Amino acid sequence: MKRVLFFLLAAITGTVAQAQKADTSIILRLPADLPTVSRLKERLVELAMNNPQIKALDIKKEITKYDENRAKAGWLNMLTAAGNLNEFTIKGSGNGNGTINNNTLYPRYNFGIMVPLGNFISIPNEVKAAKANGRVFDQQKEGEKLALKAAVLRAYEDYSANKQLYELQLPLLEDSYNHYKQVEQKFSGGDQGTAVEGLNDAYRIYNAEMVRKVNLEREVRQSKIALEAIIGTSLEEVLLHL
């Protein structure tokens, strides 16, 4: 029975030892000195300003320029031009003999202005409305920029905190693993003072630390994904060119 327990514990030990290894792909070396941290945050905010939400507002602002130009063109719609198109206006007023033909239609060209009185109210208001829409989008853009700045800084703080918690967990996991190994070695060596219950307790403590490690690792990954979704690039790329 003791031999069976030994082989089972050996198999479990090999499995948990492999799972215990820290995932170095999520432990990035973040700067510790305040000037570099400030520079990193500024860079993250700069990248966040390229967010599609900001670009969409720029496009909407551009559309208001077209609306303004279209409204201003309403003044030109009041101008009309007309002409008498006939053989005299095309070939000239001469009859071919060097004399002037009195049958020429006058006036040859007509210009006029059609003035609907309502245009004096509607056109200026349309122009003002287009300009006002442009100012609205400017205000929305400023609001979006402030919101994105706050979001990216919160995302960075979340990632930094989760990363520190994960790193603090690793020594605790190592200690629980070493304690479990010591109890297991005493048990396999025939130490009568080491009961199966003590070995199970050591394994339960180690397993609980493993669960905490997995949960913290997930939090680090999720917070990193959230940060990268705002800045539009990987955090590794930002740190590489900092």
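Visitor: Which residue follows α6, and what is the sign of its phi?

Guide: Gly 232 follows α6. The phi of Gly 232 is positive, near 75°. Keep in mind that this is a predicted model.

Visitor: How do you know that α6 has the span expected of a helix?

Guide: Count, then compare. α6 has 36 residues. At 1.5 Å a residue, 52 Å is expected. From its first C-alpha to its last, α6 reaches 53 Å, close to that value.

Visitor: What about α2: how do you know whether its span agrees or disagrees with 1.5 Å a residue?

Guide: α2 has 15 residues, so it should span 21 Å. Its end C-alpha atoms are 21 Å apart. The two values agree.

Visitor: Why is α2 called oblique to α6?

Guide: Start with the angle. The axes of α2 (residues 34-48) and α6 (residues 196-231) cross at roughly 60°. They come within 7 Å. Roughly parallel needs an angle under 35 degrees, and roughly perpendicular runs from 65 to 115. The crossing angle fits neither range, so α2 is oblique to α6.

Visitor: Which residues make that contact?

Guide: α2 brings Leu 44, Leu 47 and Ala 48. α6 brings Leu 227, Ile 230 and Ile 231.

Visitor: What makes the residues of this contact nonpolar, polar or charged?

Guide: Check the names. Ala, Leu and Ile count as nonpolar. The contact of α2 with α6 has six nonpolar residues, no polar ones and no charged ones.

Visitor: Which residues of α2 are buried?

Guide: Thr 36, Val 37, Leu 40, Leu 44, Val 45, Leu 47 and Ala 48 are buried. Among them are Leu 44, Leu 47 and Ala 48, which also touch α6.

Visitor: Why is Ser 176 called buried?

Guide: Buried means under 20% relative accessible area. Ser 176 has 7% relative accessibility, so it counts as buried. Its place is in helix α5 (residues 119-188).

Visitor: Which residues does Ser 176 touch, leaving out those up to four places away in sequence?

Guide: Ser 176 touches Ile 205, Tyr 206 and Glu 209.

Visitor: What does the protein chain contain overall, in helices and strands?

Guide: Seven helices and two strands. Along the sequence they follow the pattern α-α-α-β-α-β-α-α-α.

Visitor: How many of its contacts join residues at least 24 apart?

Guide: Take the contacts between residues at least 6 apart in sequence. Of these, 84% join residues at least 24 apart.

Visitor: How much of the protein chain counts as buried?

Guide: Of its 242 residues, 29% count as buried. The accessible surface comes to about 15,900 Å². Carbon and sulfur atoms hold 57% of that surface.

Methods. Residues are numbered from 1 along each chain as its sequence is written. This is a predicted model: local features need pLDDT of at least 70, side-chain atom pairs count only at pLDDT 80 or more; totals for chains, interfaces and linings use all residues. Side-chain values use heavy atoms; hydrogens and water are left out. Axes are lines fitted to C-alpha atoms, for helices over the stretch in contact, and angles run from 0 to 180 degrees between N-to-C directions. Helices (H or I, at least four residues) and strands (E, at least two) are DSSP runs, numbered from the N terminus. Angles under 35 degrees count as roughly parallel, over 145 as roughly antiparallel, 65 to 115 as roughly perpendicular and the rest as oblique. Contact means heavy atoms within 4.5 Å. The expected span of a helix is 1.5 Å times one less than its number of residues. Buried means under 20% relative accessible area, exposed over 50%, partly exposed in between (1.4 Å probe, protein chains only). Accessible areas come from the Shrake-Rupley method with a 1.4 Å probe; for residues, only the protein chains shown count as cover.
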